[in-house]
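Welcome! Please take a moment to look over the sequence and the structure, and then read on for a short guided tour.

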Amino acid sequence: MVQPFTLKEGIEHVMRHARWVSIEKRGIEQAADEILRRKLSVPGWNDRWHFTEGTWRTAHYLLVLDALNFSFWAPAGTTRWGIEYEGTFLRGYWALAAALKRAIESGLPLYEAEFMASCTAEQLAQILAGQGEIPLFEARLAHLHEVGQTLLGRWNGQFAQLIASCEQSAVKLSQRLPQEFPNFLDESPYRGRHVRLAKRAQILPADLWGAFERQGLGQFNDMDQLTAFADYKVPQVLEALGILRYAPALVAKLEAGEELAPHSEEEVEIRAATLAGVEELRDALAQRGRPLTSVEVDWILWELGLSADQRFKPYHLTRTTAY
């Protein structure tokens, strides 16, 4: 069996061989200057759309949220899934966060491992009811069952016990999550080796860190060791900032709305270059007197990606449960 690289070794392996995506050093410097010039700040934890009450229930909510946090885009000509919550119409990740919060507020014990393990398709459909159909519904139901069953079978129904076993290490937690819950596994074959990208496995400790304000169940001593989270939006922003350069053939595919197959060279290179680009941007910001973790840089970029920046080209489309 081929052993996967560590996450950072895998990024380096991809970037040594990449032919679809490259990193522009000049773009790194210009983007760092732009972030400082615009005084872009790290977004605070959003407790308007997230369920946040400071106990183990919040940790269980985040486990469910990140187990289901993938693939929100809709094919051209179809309705993208979204919900209305407290008078605001939300799509994508925010719609999922608010839909789960709405369910808890309605009285569903979504934070209970027993409910996760036994939730029916009809119940989940009601939780996610809104405009349009959420993609990969059956996979989301399977992920929900898996986290509930594993919590019950191995951790006495308590995610807090798994978190505690990682001894305040975000890296250990990100590595344990795919072992305990296989739906968090995120690695791709690339030129003879397996490359870890670990989007959802890393974003969960980061979400705990944010929701618990770096304390209690969110207290980790090595957050600076996590990378960014390789998804759709962050590479779109990095390309717009001039950090990522795509080969003309890849640009043509993106502009035509062509789907990239999961684990294809193009898709793996976009995701690996995203992580490498954020690492370099973080270093450039530190050199300018703005020390941040890669997670914080990611959050700044993701928030920037919600703006109507005219530089943004279409993001890549891959139907996957990884992100």
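## A first look at the chain

Among contacts in the protein chain (heavy atoms within 4.5 Å) that join residues at least 6 apart in sequence, 75% link residues at least 24 apart. Before going further, please note that this is a predicted model, in which local features need pLDDT of at least 70, side-chain atom pairs count only at pLDDT 80 or more, and totals for chains, interfaces and linings use all residues. Residues are numbered from 1 along each chain as its sequence is written, and side-chain values use heavy atoms, with hydrogens and water left out.

The protein chain has 14 helices and six strands; these are DSSP runs, with helices being H or I of at least four residues and strands E of at least two, numbered from the N terminus. Its radius of gyration is 19 Å, close to the 20 Å that the globule rule gives for 323 residues, so the chain is as compact as a globular protein of that length. That radius is taken over C-alpha atoms, and the rule is 2.2 Å times the number of residues to the power 0.38. Along the principal axes, the C-alpha atoms fill a box of roughly 50 × 45 × 45 Å.

Of the 323 residues, 55% are buried. Here buried means under 20% relative accessible area, exposed over 50%, and partly exposed in between (1.4 Å probe, protein chains only).

## Helix α2 and its two sides

Helix α2 (residues 25-37) has 13 residues and spans 19 Å from its first C-alpha to its last, close to the 18 Å expected at 1.5 Å a residue. That expectation is 1.5 Å times one less than the number of residues. Which residues of α2 are buried? They are Gly27, Ile28, Ala31, Ala32, Glu34 and Ile35. Seen down the axis of α2, these buried residues fall within an arc of 165°, so they line one face of the helix; the arc is that of the directions from the helix axis to the C-beta atoms.

The cover over the buried residues of α2 includes β1 (21-23) and α13 (265-287). On the face turned away from the buried side, α2 carries the exposed residues Lys25, Arg26 and Arg37. Just after the helix, Lys39 takes a positive phi of about 55°.

## Salt bridges

A search of the whole structure finds 20 salt bridges, each being a side-chain nitrogen of Lys or Arg within 4 Å of a carboxyl oxygen of Asp or Glu. Here are three of them.

| Pair | Closest N to O distance |
|---|---|
| Lys8 and Glu279 | 3.7 Å |
| Glu34 and Arg38 | 2.9 Å |
| Glu180 and Arg176 | 3.2 Å |

Lys8 lies in helix α1 (residues 7-17) and Glu279 in helix α13, so this pair ties together parts that are 271 residues apart in sequence. Lys8 counts as partly exposed at 34% relative accessibility, whereas Glu279, at 13%, counts as buried. A network of salt bridges links Lys8, Glu279, Arg282 and Asp283.

Glu34, met above among the buried residues of α2, has a relative accessibility of 11%. Its partner Arg38 is partly exposed, with a relative accessible area of 40%.

Glu180 and Arg176 both lie in helix α9 (residues 170-180), four residues apart, about one turn of the helix. Glu180 is buried at 7% relative accessibility, and Arg176 is partly exposed at 22%.
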